[in-house]
Amino acid sequence: MKWKFWVQSLKPRYQDIWKRAGASFSTPLDNECNDTFNFLQKAYKGIRSGRAGKVSDSSWMEHFISSGDPLEHEAFLALWLSRFVLVCPRNHIAIQDFHVAIHLSRGNRIALAPVVLACIYRDMSLLHNSIFESNKFESLVGLNFMSCHCDLVQMWVWERFLGLRPVPDVVERGEPRSARWNGVTKLKVNDVRKELDSAGVSFVWRPYAIVLSNSILSNLYKDTEQWGSGRD
(Lines give C-alpha, C1' and ligand atoms only; values in the text may rest on other atoms or scores of the structure.)
Protein backbone atom coordinates (compact mmCIF):
# COMPACT_ATOMS: atom_id res chain seq x y z
CA MET A 1 0.00 0.00 0.00
CA LYS A 2 1.45 3.36 -1.02
CA TRP A 3 0.42 5.11 2.18
CA LYS A 4 2.25 2.64 4.42
CA PHE A 5 5.32 2.87 2.19
CA TRP A 6 5.27 6.68 2.48
CA VAL A 7 4.98 6.51 6.27
CA GLN A 8 7.96 4.20 6.56
CA SER A 9 10.10 6.16 4.10
CA LEU A 10 9.65 9.45 5.99
CA LYS A 11 9.56 8.08 9.53
CA PRO A 12 13.36 7.96 10.13
CA ARG A 13 13.68 11.66 9.26
CA TYR A 14 10.54 13.12 10.79
CA GLN A 15 9.26 10.89 13.60
CA ASP A 16 10.65 13.21 16.30
CA ILE A 17 8.72 16.13 14.78
CA TRP A 18 5.55 14.02 14.58
CA LYS A 19 5.85 13.23 18.28
CA ARG A 20 6.28 16.88 19.20
CA ALA A 21 3.40 18.08 17.04
CA GLY A 22 0.05 17.31 18.52
CA ALA A 23 -1.92 19.31 21.00
CA SER A 24 -2.17 22.88 22.20
CA PHE A 25 -1.79 26.01 20.14
CA SER A 26 -1.43 27.41 16.63
CA THR A 27 0.49 30.42 15.34
CA PRO A 28 -0.02 32.46 12.16
CA LEU A 29 1.99 31.40 9.13
CA ASP A 30 5.16 33.45 8.59
CA ASN A 31 6.42 34.49 5.16
CA GLU A 32 8.32 31.25 4.64
CA CYS A 33 5.26 29.19 5.55
CA ASN A 34 3.09 31.31 3.28
CA ASP A 35 5.48 30.54 0.43
CA THR A 36 5.21 26.85 1.32
CA PHE A 37 1.42 27.08 1.21
CA ASN A 38 1.56 28.75 -2.21
CA PHE A 39 3.87 26.05 -3.56
CA LEU A 40 1.58 23.30 -2.24
CA GLN A 41 -1.42 25.02 -3.76
CA LYS A 42 0.42 25.31 -7.08
CA ALA A 43 1.24 21.59 -6.97
CA TYR A 44 -2.40 20.87 -6.16
CA LYS A 45 -3.61 22.83 -9.17
CA GLY A 46 -1.09 21.07 -11.40
CA ILE A 47 -2.22 17.62 -10.28
CA ARG A 48 -5.87 18.65 -10.50
CA SER A 49 -5.64 19.35 -14.22
CA GLY A 50 -8.13 17.09 -16.01
CA ARG A 51 -9.47 15.54 -12.79
CA ALA A 52 -12.85 17.25 -12.40
CA GLY A 53 -11.52 19.90 -10.06
CA LYS A 54 -10.47 17.47 -7.29
CA VAL A 55 -7.20 15.80 -6.35
CA SER A 56 -7.45 12.21 -5.11
CA ASP A 57 -5.09 10.87 -2.47
CA SER A 58 -3.71 8.34 -4.97
CA SER A 59 -2.74 11.02 -7.51
CA TRP A 60 -1.26 13.11 -4.67
CA MET A 61 0.92 10.19 -3.59
CA GLU A 62 1.97 9.44 -7.16
CA HIS A 63 3.20 13.00 -7.47
CA PHE A 64 5.14 13.25 -4.18
CA ILE A 65 6.29 9.80 -3.02
CA SER A 66 10.08 9.50 -3.27
CA SER A 67 10.08 12.51 -5.58
CA GLY A 68 12.80 14.38 -3.73
CA ASP A 69 10.47 17.36 -3.63
CA PRO A 70 11.42 19.69 -0.72
CA LEU A 71 7.74 19.80 0.25
CA GLU A 72 7.28 16.04 0.42
CA HIS A 73 6.91 16.11 4.21
CA GLU A 74 4.22 18.80 4.10
CA ALA A 75 2.44 16.91 1.32
CA PHE A 76 2.62 13.71 3.38
CA LEU A 77 1.04 15.42 6.39
CA ALA A 78 -1.65 17.03 4.20
CA LEU A 79 -2.72 13.57 3.00
CA TRP A 80 -2.61 12.18 6.55
CA LEU A 81 -4.92 14.97 7.72
CA SER A 82 -7.35 14.56 4.83
CA ARG A 83 -7.53 10.76 5.09
CA PHE A 84 -7.29 10.00 8.81
CA VAL A 85 -7.84 13.11 10.93
CA LEU A 86 -10.10 15.73 9.34
CA VAL A 87 -11.44 13.16 6.85
CA CYS A 88 -12.15 14.74 3.49
CA PRO A 89 -15.04 12.91 1.75
CA ARG A 90 -14.31 10.53 -1.12
CA ASN A 91 -10.53 10.42 -0.52
CA HIS A 92 -9.78 13.90 -1.78
CA ILE A 93 -6.99 16.22 -0.65
CA ALA A 94 -8.34 19.37 1.01
CA ILE A 95 -6.50 22.67 0.44
CA GLN A 96 -7.78 23.97 3.78
CA ASP A 97 -5.66 21.31 5.51
CA PHE A 98 -2.41 22.73 4.10
CA HIS A 99 -2.03 25.34 6.86
CA VAL A 100 -2.27 22.68 9.57
CA ALA A 101 0.11 20.40 7.68
CA ILE A 102 2.70 23.18 7.46
CA HIS A 103 2.46 23.88 11.20
CA LEU A 104 2.88 20.19 12.01
CA SER A 105 5.88 19.92 9.69
CA ARG A 106 7.55 22.67 11.80
CA GLY A 107 6.79 20.86 15.04
CA ASN A 108 4.12 23.37 16.08
CA ARG A 109 1.46 21.92 18.35
CA ILE A 110 -2.07 21.84 16.98
CA ALA A 111 -5.19 20.83 18.93
CA LEU A 112 -6.60 18.18 16.59
CA ALA A 113 -8.79 16.21 19.02
CA PRO A 114 -11.47 18.93 19.43
CA VAL A 115 -11.75 19.24 15.66
CA VAL A 116 -12.17 15.48 15.24
CA LEU A 117 -14.80 15.39 17.99
CA ALA A 118 -16.66 18.31 16.39
CA CYS A 119 -16.66 16.46 13.04
CA ILE A 120 -18.09 13.35 14.70
CA TYR A 121 -20.92 15.28 16.36
CA ARG A 122 -21.64 17.20 13.16
CA ASP A 123 -21.95 14.09 11.05
CA MET A 124 -23.86 12.16 13.70
CA SER A 125 -26.39 15.01 13.61
CA LEU A 126 -26.56 14.69 9.82
CA LEU A 127 -27.09 10.95 10.16
CA HIS A 128 -29.83 11.42 12.75
CA ASN A 129 -31.65 14.05 10.67
CA SER A 130 -31.40 11.97 7.51
CA ILE A 131 -32.90 8.93 9.20
CA PHE A 132 -35.94 10.86 10.33
CA GLU A 133 -36.37 13.14 7.31
CA SER A 134 -35.85 10.71 4.44
CA ASN A 135 -37.05 7.31 3.37
CA LYS A 136 -34.02 6.89 1.13
CA PHE A 137 -31.80 5.43 3.81
CA GLU A 138 -29.21 3.91 1.48
CA SER A 139 -28.58 7.04 -0.58
CA LEU A 140 -28.91 9.95 1.84
CA VAL A 141 -27.86 8.48 5.17
CA GLY A 142 -24.99 6.56 3.68
CA LEU A 143 -23.73 9.65 1.86
CA ASN A 144 -23.77 11.82 4.96
CA PHE A 145 -22.21 9.19 7.21
CA MET A 146 -19.29 8.64 4.85
CA SER A 147 -17.68 11.91 5.90
CA CYS A 148 -17.42 11.18 9.65
CA HIS A 149 -15.01 9.03 11.64
CA CYS A 150 -17.36 6.06 11.49
CA ASP A 151 -14.54 3.78 12.69
CA LEU A 152 -14.33 5.67 16.00
CA VAL A 153 -18.11 5.62 16.41
CA GLN A 154 -18.16 1.91 15.62
CA MET A 155 -15.49 1.17 18.23
CA TRP A 156 -17.45 3.23 20.79
CA VAL A 157 -20.51 1.05 20.13
CA TRP A 158 -18.58 -2.22 20.25
CA GLU A 159 -16.97 -1.31 23.57
CA ARG A 160 -20.33 -0.64 25.22
CA PHE A 161 -23.06 -2.76 23.57
CA LEU A 162 -22.31 -6.44 24.12
CA GLY A 163 -25.07 -7.57 21.76
CA LEU A 164 -23.50 -5.74 18.84
CA ARG A 165 -19.83 -6.48 19.34
CA PRO A 166 -17.82 -9.14 17.49
CA VAL A 167 -15.27 -11.28 19.30
CA PRO A 168 -12.36 -8.92 20.08
CA ASP A 169 -8.76 -9.78 19.44
CA VAL A 170 -6.03 -9.93 22.09
CA VAL A 171 -4.23 -6.64 22.71
CA GLU A 172 -0.50 -7.16 22.86
CA ARG A 173 1.59 -5.08 25.26
CA GLY A 174 2.39 -1.72 23.75
CA GLU A 175 -0.57 -1.76 21.34
CA PRO A 176 -3.48 0.69 21.62
CA ARG A 177 -6.80 -0.59 22.89
CA SER A 178 -8.30 -0.07 19.42
CA ALA A 179 -6.09 -2.93 18.17
CA ARG A 180 -8.57 -5.40 19.67
CA TRP A 181 -10.98 -4.54 16.82
CA ASN A 182 -8.50 -4.85 13.93
CA GLY A 183 -9.70 -7.34 11.33
CA VAL A 184 -12.55 -8.74 13.44
CA THR A 185 -15.56 -10.35 11.78
CA LYS A 186 -18.62 -8.11 12.13
CA LEU A 187 -21.83 -9.55 13.48
CA LYS A 188 -24.93 -9.65 11.31
CA VAL A 189 -27.58 -7.84 13.33
CA ASN A 190 -31.09 -7.80 11.88
CA ASP A 191 -32.52 -5.18 14.21
CA VAL A 192 -29.94 -2.73 15.55
CA ARG A 193 -32.58 -0.55 17.19
CA LYS A 194 -33.87 -3.50 19.19
CA GLU A 195 -30.36 -4.32 20.40
CA LEU A 196 -29.78 -0.72 21.46
CA ASP A 197 -33.10 -0.45 23.31
CA SER A 198 -32.70 -3.78 25.09
CA ALA A 199 -29.10 -3.26 26.23
CA GLY A 200 -30.20 -2.29 29.76
CA VAL A 201 -27.88 -3.55 32.47
CA SER A 202 -25.55 -5.13 29.92
CA PHE A 203 -24.46 -1.66 28.74
CA VAL A 204 -20.78 -1.18 29.65
CA TRP A 205 -20.39 2.29 31.13
CA ARG A 206 -16.62 2.22 31.73
CA PRO A 207 -15.10 -0.21 29.23
CA TYR A 208 -11.60 1.20 29.66
CA ALA A 209 -11.60 0.26 33.34
CA ILE A 210 -11.87 -3.43 32.44
CA VAL A 211 -8.58 -5.30 32.66
CA LEU A 212 -7.33 -6.52 29.30
CA SER A 213 -4.60 -9.06 28.68
CA ASN A 214 -1.15 -7.41 28.70
CA SER A 215 -2.70 -3.98 29.30
CA ILE A 216 -1.93 -1.43 32.03
CA LEU A 217 -4.70 1.04 31.06
CA SER A 218 -6.98 -0.16 33.86
CA ASN A 219 -4.57 1.40 36.37
CA LEU A 220 -5.73 4.80 35.14
CA TYR A 221 -9.42 4.14 35.87
CA LYS A 222 -10.13 3.65 39.56
CA ASP A 223 -13.44 3.57 41.41
CA THR A 224 -12.20 6.26 43.80
CA GLU A 225 -9.80 9.18 43.45
CA GLN A 226 -6.20 8.49 44.50
CA TRP A 227 -2.71 9.81 44.05
CA GLY A 228 -0.33 8.12 41.63
CA SER A 229 3.17 8.44 40.30
CA GLY A 230 4.83 7.92 36.95
CA ARG A 231 6.11 4.55 38.20
CA ASP A 232 2.63 3.19 39.01
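A residue counts as buried when its relative accessible area is under 20%, as exposed when that area is over 50%, and as partly exposed in between. The model described here is predicted. In it, Phe37 is buried, and Phe98 is buried too.

These two residues form an aromatic pair. Their ring centres lie 6.1 Å apart, and the planes meet at 70°. The geometry is edge-to-face. The pair links distant parts of the chain. Phe37 belongs to helix H2, which spans residues 31-48. Phe98 belongs to helix H5, which spans residues 98-105. In sequence the two are 61 residues apart.

A second pair joins Phe203 and Trp205. Here the ring centres are 4.7 Å apart and the planes stand at 75°. Planes over 60 degrees apart count as edge-to-face, so the Phe203 and Trp205 pair is edge-to-face. The two partners differ in burial. Phe203 has a relative accessible area of 15%. This is under 20%, so Phe203 is buried. Trp205 reaches 71% relative accessibility. That value is over 50%, so Trp205 counts as exposed.

Across the whole structure, a search finds eleven aromatic pairs. Ring pairs also build a cluster. Its members are Phe37, Tyr44, Trp60, Phe64 and Phe98.

The overall fold is helical. The protein chain has nine helices and zero strands. From the N terminus on, its elements read α-α-α-α-α-α-α-α-α. The chain holds 232 residues, and buried residues make up 35% of them. Contacts between residues at least 6 apart in sequence were also examined. Of these, 63% join residues at least 24 apart. The chain exposes about 15300 Å². Carbon and sulfur atoms supply 55% of that area.

Two helix crossings were examined in detail. In one of them, H2 meets helix H3, which covers residues 57-64. The two axes come within 11 Å and cross at roughly 115°. Angles from 65 to 115 degrees count as roughly perpendicular, so H2 is roughly perpendicular to H3. The crossing is right-handed. From H2, the contact is made by Leu40, Ala43, Tyr44 and Ile47. From H3, it is made by Ser59, Trp60, His63 and Phe64. Tyr44, Trp60 and Phe64 are among the members of the aromatic cluster.

The other crossing involves helix H4, residues 72-85, and H5. Their axes come within 8 Å and cross at roughly 125°. That angle is neither over 145 nor within 65 to 115 degrees, so H4 is oblique to H5. This crossing is also right-handed. H4 contributes His73, Glu74, Leu77, Ala78, Trp80 and Leu81 to the contact. H5 contributes Phe98, Val100, Ala101, Ile102, Leu104 and Ser105.

Two residues of this contact were followed further. Ala101 lies in helix H5. Its relative accessible area is 0%. This is under 20%, so Ala101 is buried. Beyond its neighbours within four places in sequence, Ala101 is in contact with Glu74, Leu77, Ala78 and Leu81. These four residues are among those that H4 brings to the crossing. Ala101 can also be placed relative to Phe37 in H2. Their C-alpha atoms are separated by 9.4 Å, although the residues are 64 apart along the chain.

His73 lies in helix H4. Its relative accessibility is 4%. This too is under 20%, so His73 counts as buried. Residues up to four places away in sequence aside, His73 touches Leu10, Tyr14, Ile17, Trp18 and Ser105. One of these, Ser105, is part of the H5 side of the crossing.

A loop residue, Val189, was treated in the same way. Val189 is found between helix H8 (150-160) and helix H9 (192-197). Its relative accessibility is 27%. This falls between the 20% and 50% limits, so Val189 counts as partly exposed. Neighbours within four places in sequence aside, Val189 is in contact with Gly163, Leu164 and Glu195. Val189 and Leu164 are 25 residues apart along the chain, and their C-alpha atoms are separated by 7.2 Å.

Notes
Residues numbered from 1 in each chain as written. Predicted model: local features only at pLDDT ≥ 70, side-chain atom pairs only at ≥ 80, totals over all residues. Heavy atoms only, no water. Phe/Tyr/Trp six-rings, centres within 6.5 Å; stacked < 30°, edge-to-face > 60°. Buried < 20%, exposed > 50% of the residue type's maximum accessible area, 1.4 Å probe, protein only. Contact = heavy atoms within 4.5 Å. Areas by Shrake-Rupley, 256 points an atom, 1.4 Å probe, with all protein chains shown as cover. Axes fitted to C-alpha atoms, helices over the stretch in contact; angles between N-to-C directions. Parallel < 35°, antiparallel > 145°, perpendicular 65-115°, else oblique. Left-handed = near helix turned anticlockwise from the far one by under 90°.
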